[in-house]
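Here is a friendly walk through one protein model, taken a region at a time. Keep the structure open beside you and follow along.

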Amino acid sequence: MHEAVLWEPAGEGRVRCALCAHRCLIAPDGRGVCGVRENRGGTLYSLVYGRLVSQALDPIEKKPLFHFLPGSLALSVATVGCNLRCDFCQNHAISQYPREHRGGIPGEPIAPEEVVRGAKGAGAPTIAYTYTEPTVFFETCRDVGVRAREQGIRNAFVTNGYMTGEALDDARGWLDAANVDLKAFSDDFYRRYCGGSLQPVLDAIKRMTELGLWVEVTTLVIPGRNDSDEELGWIAQFLAGISPDLPWHVSRFVPSYLVHDVPPTPVATLRRAREIGREVGLRFVYLGNVPGEGEDTACPSCGKTVIRREGFRVVENQLADGRCPGCGEVVAGVWS
Ligand code: SF4
């Protein structure tokens with residue numbers, strides 16, 4: 001057990017957690033919505049501190065981060081737990097573990113230094129906090145992240161964005177990049193299918209860019225739920241309003257977890273989403289989960305293909321100091 005960050009006493013032995021947008025009021029011996037933070041004796045503790053259940057070396061493209069050190073590796077780590085409960089979750093076995101196993105918290109403790117050593121030894125310039133929701137294992141991210149920075153290793157969140165401004169401000173010294181899921185542009189979607197709400201996610205995306213993080217956004221397009229032209233247009237307009245250089249990954253849904261009565265997303269729908277994104281001015285829209293299509297980076301000025309990808313593999317990167325070799329245009333991203 002490890003004392004949590006960002007909480008305060010709330011009277012009568014209760015505590016208020018300020019890490020994510022639920023802002024849970026937790027009674028003595030109770031846990032927050034995420035199931036991994038517990039009030040013991042009027043102090044909030046993280047039950048997952050250092051207890052990694054996944055550690056893997058992934059291409060950074062798999063996060064997906066396409067404009068952040070392309071072709072490099074990310075040591076990817078996770079504990080169990082999530083502050084949302086999306087019925088289409090692709091990692092539910094670990095994200096929903098405590099809920100589905102009577103509060104059980106698996107994972108052998110590992111010291112932050114050991115995680116950093118693992119990244120260094122593997123030649124990974126980034127540690128990615130991913131697979132489940134890094135917000136709910138924030139203390140681990142922070143202790144690893146600070147040490148990683150000292151060793152010249154960067155840190156990236158793959159997150160649902162359902163976090164508070166306080167949490168992001170806390171991370172400003174060590175967090176470098178994020179891929180944020182923007183699952184829909186309707187509060188009803190977030191409430192019905194995820195157990196959350198929309199506005200905190202929008203706020204987090206804005207705040208991350210204000211803090212100078214490199215941000216990319218992913219939308220899993222689910223037939224009949226968030227695939228209307230109108231809704232895709234709202235998402236695209238919101239992102240373009242932040243920056244036309246913000247990459248948007250529109251990703252293909254395949255049936256998973258509790259959702260098996262919805263067919264996989266037609267590729268035509270994703271192509272339409274890409275058109276909608278381009279029409280509102282987004283310069284980089286990628287297709288996800290569609291092997292062989294929509295994964296290359298083109299210069300937004302002359303259209304030349306500057307990075308070619310096959311799956312999660314970069315097969316050619318022609319950028320020189322972040323510039324297009326054809327016309328010299330600066331392509332937005334973190335390239336070295
Ligand atoms: S991280 Fe979120 S869900 Fe978990 S206890 Fe804190 S406010 Fe509640």
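## The largest pocket

Let's start with the biggest opening: the largest pocket holds about 1,000 Å³ of space. Bear in mind as you look around that this is a predicted model. The pocket is lined by 38 residues, and K63, P64, Q90, V158 and D181 are the ones closest to its centre.

Which elements give two or more residues to that lining? They are the strands β12 (154-159), β13 (177-181), β14 (214-221), β15 (248-252) and β16 (285-288). Sorted by class, the lining of the largest pocket is a mix of 14 nonpolar, 15 polar and nine charged residues.

## A second pocket, between two domains

The second largest pocket offers about 180 Å³ of space. Its lining counts 13 residues, with R278, R283, V285, D296 and A298 nearest the centre. Two or more residues each come from helix α9 (267-279) and from strands β16 and β17. You have already met β16, as it also gives two or more residues to the lining of the largest pocket.

By class, the second largest pocket is lined by six nonpolar, two polar and five charged residues. Where does this pocket sit relative to domain 2 (51-294) and domain 3 (296-336)? It lies between them, because both domains give residues to its lining.

## The sheet of β17, β18 and β19

Strand β17 leads us on to a sheet. Three strands make up this open sheet, in the order β17-β18-β19, and they pair in the antiparallel sense. At the edges are β17 (297-298) and β19 (313-317), each of which pairs on one side only. As a general point, the strands of a sheet pair through backbone hydrogen bonds, either parallel or antiparallel.

Zoom in on β18, which covers residues 305-310, and you'll find four bridges joining it to β19 in the antiparallel sense. One residue to look for is I307, whose bridge partner in β19 is N317.

## A hairpin early in the chain

Now jump back towards the start of the chain. Strand β5 (residues 37-40) and strand β6 (residues 43-46) are antiparallel partners, joined over four bridges. Within this pairing, N39 stands opposite L44 in β6.

The two strands form a hairpin with two residues between them, and G41 takes a positive phi near 60° there.

## Two cavities

Besides the pockets, the structure holds two cavities of 30 Å³ or more. The largest cavity contains about 80 Å³ of space. Thirteen residues line it, and C17, C20, C34, R37 and V136 lie nearest its centre. Eight of the lining residues are nonpolar, four are polar and one is charged. Domain 1 (2-46) and domain 2 (51-294) each contribute at least three residues to this lining.

The second largest cavity has a volume of about 40 Å³. Around it you'll find Y49, G50, L52, I110, P112, V115, T140 and V144. Helices α3 (112-122) and α4 each supply at least two residues of that lining. By class, the lining has six nonpolar and two polar residues, with no charged ones.

## E139, a residue on helix α4

Helix α4 runs over residues 138-150, and E139 is part of it. Is E139 buried or exposed? With a relative accessible area of 2%, E139 falls under the 20% cut-off, so it counts as buried.

What is E139 in contact with, leaving aside its neighbours within four places in sequence? The list is H2, E3, A4, V5, L19, R37, S46 and Y49. Two of these names have come up already: R37 is among the residues nearest the centre of the largest cavity, and Y49 helps to line the second largest one.

## L25, a residue on strand β4

For a last stop, find L25 in strand β4 (residues 25-26). The relative accessibility of L25 is 40%, which lies between the 20% and 50% cut-offs, so L25 counts as partly exposed.

Setting aside neighbours within four places in sequence, L25 is in contact with A10, R14, V15 and R16. To get a feel for distances in the model, try L25 and V331: they are 306 residues apart along the chain, and their C-alpha atoms are separated by 45 Å.

Definitions and conventions
Residues numbered from 1 in each chain as written. Predicted model: local features only at pLDDT ≥ 70, side-chain atom pairs only at ≥ 80, totals over all residues. Heavy atoms only, no water. Pairing = 2+ DSSP bridges. Buried < 20%, exposed > 50% of the residue type's maximum accessible area, 1.4 Å probe, protein only. Contact = heavy atoms within 4.5 Å. 1 Å grid on protein atoms, 1.4 Å probe; cavity = no way out; pocket = protein on both sides within 12 Å on 5 of 7 lines; lining within 4 Å. Points joined across faces, edges and corners; volume = space filled by probe spheres on them. Nonpolar A, V, L, I, M, F, W, Y, C, P; charged D, E, K, R; others polar. Domains from an automatic or database assignment.
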